[in-house]
Structure formats: C-alpha cells, structure tokens
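Thanks for coming. I will go through one structure today, and I will keep to a few places in it. Please have the sequence and the picture open.

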Amino acid sequence: MQSQATSNILMIRPMRFGFNQQTAESNAFQNADLASYDPLATQAKALREFDEMTHQLIAAGVNVIVYNDTAEPHTPDSIFPNNWVSFHYSGTVVLYPMQAPNRRLERRLDIIDDLAKRYQVAKIVDLTRYEQEGKYLEGTGSMVLDRMKRIAYACLSPRTDTSVLAEFSKRTGYQVVTFSAADANGVPVYHTNVVMCIGDVFAVVCLAAISDPDERLMVRQSLVNSGKHVIDITLEQMAHFAGNMLLTVSNKGQKLLIMSNQAFDSLTLRQRDELDDFATLFHFDLSTIEGHGGGSARCMMAEIHLPLK
C-alpha cells in the first residue's frame, strides 16, 4: 500500500540562490525589499540554512539525497526541486511545466538517471509541452497530494492550470480537487502547498484562504472523508508558512513533521500539542530562503516514493 510519508528526500544544494524577479509577480511571499541585497551574502546565508537543515535531517535518520546545483545556467530557485519533478510508488516520474523561464532550467535528467541506479523508474510522464501553450502545473507546489487516497488538492492560480491538472489526473489516476485561495490582502495564493499540508491521518489547512463557502466546505469534507484530523490555521499563520510543512519518516519509523522556525513560532500551543500527537515537530531557521525565495521547508524537499531496485 502507498504510504503518505517517505524517508527518502531529494534536495538541491544551491550555488547562486537569490531573489528571482521572474517569479515575484505571482509570489506574494517573496519580499521585494530584498531584491537589491548582495547576491554573494544572500547565497552564503542560504547555504548555511540549507546545510544546517540537511545535517539535522540526516542526523534524525532521514535519507537525504543531496545534489549540487550547477553555477550555469543561473537558477536562483533551484533549492525548490519539488516544483519540477515528483516521484511515485508506481515507479512513475512526472516532469512539470514551469511558469518562469529560468525555473525551467532547473530540470535535470542527469539527476533522474542517477536515481534510476538505485530506484525503479518505470516511466516518465513529461508534461512540459504545456509551457508552449502558456499553461503550467508546478509539481507538489501546485498540488498537495494525498498519496494514500490518490487525491490531488490544487488551488488554481497562474501557475496551476486546469487542463494540465486534467492531464496529470489522466496519466496518474489521481482525483483532483480544485479551489481558489487568496491571502489576507486578497492576492491569489501562488501555490497550494502554502495553503495546506496533508499527513497520514491529519491535515493542516488555512480554510479562511478559501473565500467561496461551497469550495471551503468541499475541501474540508474531502479531508474528513479521507480520515484526516483537520487542523485549521489562520491567514496570518499561512503568511508565516505554517501551511508549508511536510511529513517525513526516519529510517527507524519515527514520524517527523518538517517546517521552518517561522512556521513553528506562528503556531499556538494548542496546535503544537495537536500536531505533536501525530509526529515530532522538526523546525529550522530558513529566514533567508523564505524571504528571498518565497518558499519554505516543504518546497525544499522532493519526496522519493519510487520503489528500490
């Protein structure tokens, strides 16, 4: 049976991390005031945050597979690999269409070839042709997958297109649940994985971001019907990346819920107690990566659900 969490995580160590002007228009989580910051200092800080996070994950028993980014071409967001690829229990690898031209350069078949030495890659589903039509679906940023129930939750945005979702559903067998979501300022949320996180028996979701009451009820009911204990977060907590978490498991079977310090600090004591019943809360300082990149802990991890050879 397909499990929700895995101990095998792909991460990309950045070489030239920085503020990406090409993504800033649709990502309100990027801090525009940081656009002029010294790129060398920004890269150094991001690298320290990345290395500390991977060090702690490995020490906790997570199998973190790290690939170094390349200096050329310049890919300021390469630290977020979950947007260009996803790996599935069936042996399927999916490649996704990306909105920003410089993010398309992040796709690296050499990484997939290398992983194929250890894992079974039965087929590659390539959806990247949709870029030519101006239609996008940015992996497990655009979709939050309930892998156990085969449901893909997706908030529609310039980066999450219904026709590509339909193709993903057809090729993978996932049922798709779509909705619209916006932040406290009414700005559409760019990726679903800042709105919600799905664990094995729990879900964290900002229902207030879903303004349409029918859609809000539909999402909540789908989660409940799937056996999830729903933990509702506020719009302010969502703005602090409290929805951007990922459930992983150590090689000893310990469940770890990965998030940033900012996300953890925004949670109430009651929410922490609730979540602690389901997994050990594991959090890191990712302030540079969050501010410049507009993504957090979950965005940095692409789960490898492929079967071993």
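**Helices, cavities and odd backbone angles**

Just after helix H6, Gly173 takes a positive phi of about 85 degrees. Before going further, I should say that this is a predicted model.

Let me stay with H6 for a moment. The helix runs over residues 162–172, and its buried residues are Val164, Leu165, Glu167, Phe168 and Thr172. Looking down the axis of H6, these buried residues fall within an arc of 160 degrees, so they line one face of the helix. The general background is that an α-helix has 3.6 residues a turn, so residues three or four places apart point the same way. What do the buried residues of H6 pack against? They pack against four strands by name: S4 at 92–95, S6, S7 at 151–155 and S8 at 175–179.

Helix H10 can be read in a similar manner. H10 covers residues 269–276, with Gln271, Arg272 and Leu275 as its buried residues. They cover an arc of only 100 degrees around the axis, which puts them on the same side of H10. On the face turned away from that buried side, H10 carries the exposed residues Leu269, Arg270 and Asp273. The buried residues of H10 have both strands and helices as packing partners. The strands are S10 (202–205), S11 (229–232), S13 (255–260) and S14 (280–284). The helices are H8 (235–239) and H9 (261–266).

Next, the cavities. How many cavities of 30 Å³ or more does the structure hold? It holds two. The largest cavity has about 130 Å³ of space. Its lining is made by 15 residues, and those nearest its centre are Val144, Leu145, Leu246, Arg298 and Glu303. Three strands give two or more residues to this lining: S6 (144–146), S9 (196–198) and S12 (246–249). S9 has the largest share, with three residues. By type, the lining of the largest cavity divides into nine nonpolar, three polar and three charged residues.

Leu145, one of the residues nearest the centre of that cavity, also turns up in the surroundings of Gln4. Gln4 is found in the segment before strand S1 (8–13). Is Gln4 buried or exposed? Its relative accessibility is 7%, so Gln4 counts as buried; the cut-off for buried is under 20%. The side chain of Gln4 reaches the backbone oxygen of Leu145 at 2.9 Å. A polar atom of the same side chain, that of Gln4, lies 3.2 Å from the backbone oxygen of Ile198. Setting aside neighbours within four places in sequence, the contacts of Gln4 include Asp146, Arg147, Met148 and His305. Gly199 and Asp200 are also among them.

A second buried residue to look at is Asp69. Its place is in the loop between strand S2 (63–68) and strand S3 (85–87). Asp69 has 7% relative accessibility and therefore counts as buried. Which residue is 57 places from Asp69 in sequence but 6.1 Å away in space, C-alpha to C-alpha? That residue is Ile12. Apart from neighbours within four places in sequence, Asp69 is in contact with Ile12, Arg13, Pro14, Met15 and Arg16, and also with Thr75, Ser78 and Arg108. With Thr75 there is a polar contact of 3.2 Å between the two side chains.

The loop between S2 and S3 holds Pro73 as well. The peptide bond from Glu72 to Pro73 is cis, with omega near -5 degrees. As general background, most residues other than glycine have a negative phi, and most peptide bonds are trans.

That brings me to two residues with a positive phi. Arg150, which is not a glycine, has a positive phi of about 55 degrees. Arg150 lies in the loop between S6 and S7. With a relative accessibility of 35%, Arg150 counts as partly exposed. Phe241, also not a glycine, has a positive phi of about 70 degrees. Where is Phe241? It lies in the loop between H8 and S12. Phe241 counts as buried, because its relative accessibility is 3%.

To go back over the main points: the buried residues of H6 line one face of the helix, and those of H10 sit on the same side of H10. The largest cavity has S6, S9 and S12 in its lining. The side chain of Gln4 reaches the backbone oxygen of Leu145, and the side chain of Asp69 is joined to that of Thr75 by a polar contact.

Terms used: Residues are numbered from 1 along each chain as its sequence is written. This is a predicted model: local features need pLDDT of at least 70, side-chain atom pairs count only at pLDDT 80 or more; totals for chains, interfaces and linings use all residues. Side-chain values use heavy atoms; hydrogens and water are left out. On a 1 Å grid over the protein atoms alone, a cavity is a set of points where a 1.4 Å probe fits but cannot get out, and a pocket is an open set with protein on both sides within 12 Å along at least five of seven lines; lining residues have an atom within 4 Å of a point. Grid points are joined across faces, edges and corners, and a volume is the space filled by probe spheres set on the points. Ala, Val, Leu, Ile, Met, Phe, Trp, Tyr, Cys and Pro count as nonpolar, Asp, Glu, Lys and Arg as charged, and the others, Gly among them, as polar. Buried means under 20% relative accessible area, exposed over 50%, partly exposed in between (1.4 Å probe, protein chains only). Contact means heavy atoms within 4.5 Å. A polar contact is a pair of N or O atoms within 3.5 Å; within protein, one must be able to donate a hydrogen and the other to accept it, and residues adjacent in sequence count only if both atoms are side-chain atoms. The arc is that of the directions from the helix axis to the C-beta atoms.
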